[in-house]
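Open the model in your viewer and keep the selection tool at hand. The stops below are meant to be taken in order.

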Amino acid sequence: MDRTSFYSVLRKLEPSGIDGFEGLIASLLTALTKKQFFLATAGYQGGRDSSTAGIGGIFIAVECKRYCNDTALNDRQILGELEEVSQSFPSLDLWVLVASRTVDDSLRAK
């Protein structure tokens with residue numbers, strides 16, 4: 001499967017929920033890291049869609065963005081999410097952004 005087909009499959013998922021993009025990412029990260037990732041409930045999420053909740057001595061938070069082909073990446077929104085999670089969880093060890101489109105490296109410099 002090429003990258004375009006893979007992104008197309010991801011974009012067909014619902015953006016949130018256990019059976020959606022967020023749930024898929026939480027399951028994949030759990031399998032990869034051997035640490036349980038828990039989905040945040042709907043509403044204010046403090047800059048994360050899932051996290052390890054600090055269980056096992058490490059706090060990893062994940063923000064998932066399932067974008068369509070024509071959806072522009074909103075740098076201000078992403079930076080706002082990072083600021084929120086930093087303030088909400090001072091013991092945060094790692095914040096991961098997972099997006100269904102390319103994220104420009106210039107975002108890192110901001």
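The tour goes from a helix to a group of charged side chains, then to some single residues.

Before selecting anything, note that this is a predicted model, in which local features need pLDDT of at least 70, side-chain atom pairs count only at pLDDT 80 or more, and totals for chains, interfaces and linings use all residues. Residues are numbered from 1 along each chain as its sequence is written, and side-chain values use heavy atoms, with hydrogens and water left out.

**Stop 1: helix H2**

Select residues 21–33, which form helix H2. Helices (H or I, at least four residues) and strands (E, at least two) are DSSP runs numbered from the N terminus. The expected span of a helix is 1.5 Å times one less than its number of residues. For the 13 residues of H2 that gives 18 Å, and the C-alpha atoms at the two ends are 18 Å apart, so the two values agree.

Now colour the buried residues of H2: Phe21, Glu22, Gly23, Ile25, Ala26, Leu29 and Thr30. Buried means under 20% relative accessible area, exposed over 50%, and partly exposed in between (1.4 Å probe, protein chains only). An α-helix has 3.6 residues a turn, so residues three or four places apart point the same way.

What covers these buried residues? Show helix H1 (3–12) and the strands S1 (38–39), S2 (50–51), S3 (60–65) and S4 (94–99), which are among the covering elements.

**Stop 2: Lys34 and Ala53**

Step just past the end of H2 to Lys34. Lys34 sits in the loop between H2 and S1 and counts as exposed, because its relative accessibility is 71%. Lys34 is not a glycine, yet has a positive phi of about 65 degrees. Most residues other than glycine have a negative phi.

Go on to Ala53, in the loop between S2 and S3. Ala53 is another non-glycine residue with a positive phi, here about 60 degrees. At 44% relative accessibility, Ala53 counts as partly exposed.

**Stop 3: Glu63, Lys65 and Glu81**

Select Glu63, in strand S3. Is Glu63 buried or exposed? Glu63 counts as buried, because its relative accessible area is 3%.

Show its surroundings next. Leaving aside neighbours within four places in sequence, Glu63 is in contact (heavy atoms within 4.5 Å) with Gly47, Arg48, Asp49, Glu81, Trp95, Val96, Leu97 and Val98. A polar atom of the Glu63 side chain lies 3.5 Å from the backbone nitrogen of Arg48.

Then add Lys65. The side chains of Glu63 and Lys65 meet in a salt bridge (3.2 Å, N to O). A salt bridge is a side-chain nitrogen of Lys or Arg within 4 Å of a carboxyl oxygen of Asp or Glu. Side chains of opposite charge can pair when their charged atoms come close.

Lys65 has a second partner to display: its side chain meets that of Glu81 in a salt bridge (3.4 Å, N to O). This pair links distant parts of the chain, with Lys65 in strand S3 and Glu81 in helix H3 (residues 75–88), 16 residues apart. Lys65 is buried, with a relative accessible area of 10%, and Glu81 is buried as well.

How many salt bridges does the structure hold? There are two, and Glu63, Lys65 and Glu81 are linked in a network of salt bridges.

**Stop 4: Arg11**

Move to Arg11, in helix H1. At 18% relative accessibility, Arg11 counts as buried. Not counting residues up to four places away in sequence, Arg11 touches Arg66, Tyr67, Cys68, Asn69, Ser100 and Arg101. For Ser100, draw a distance from its backbone oxygen to a polar atom of the Arg11 side chain: they lie 2.8 Å apart.

**Stop 5: Phe6 and its patch**

Stay with helix H1 and pick Phe6. Phe6 counts as partly exposed, at 43% relative accessibility. Turn on the surface and add Met1 and Val9, which together with Phe6 make a nonpolar surface patch of about 350 Å². Patches are made of residues with over 30% relative accessible area and no salt bridge; like charges are joined within 9 Å, and nonpolar side chains (Val, Leu, Ile, Met, Phe, Trp, Tyr) within 5 Å. Accessible areas come from the Shrake-Rupley method with a 1.4 Å probe; for residues, only the protein chains shown count as cover.

**Stop 6: Thr102**

End at Thr102, in the loop between S4 and helix H4 (106–109). Thr102 counts as exposed, at 52% relative accessibility. A line drawn from its C-alpha atom to that of Leu29 spans 19 Å, between residues 73 apart along the chain.

Note on methods. A polar contact is a pair of N or O atoms within 3.5 Å; within protein, one must be able to donate a hydrogen and the other to accept it, and residues adjacent in sequence count only if both atoms are side-chain atoms.
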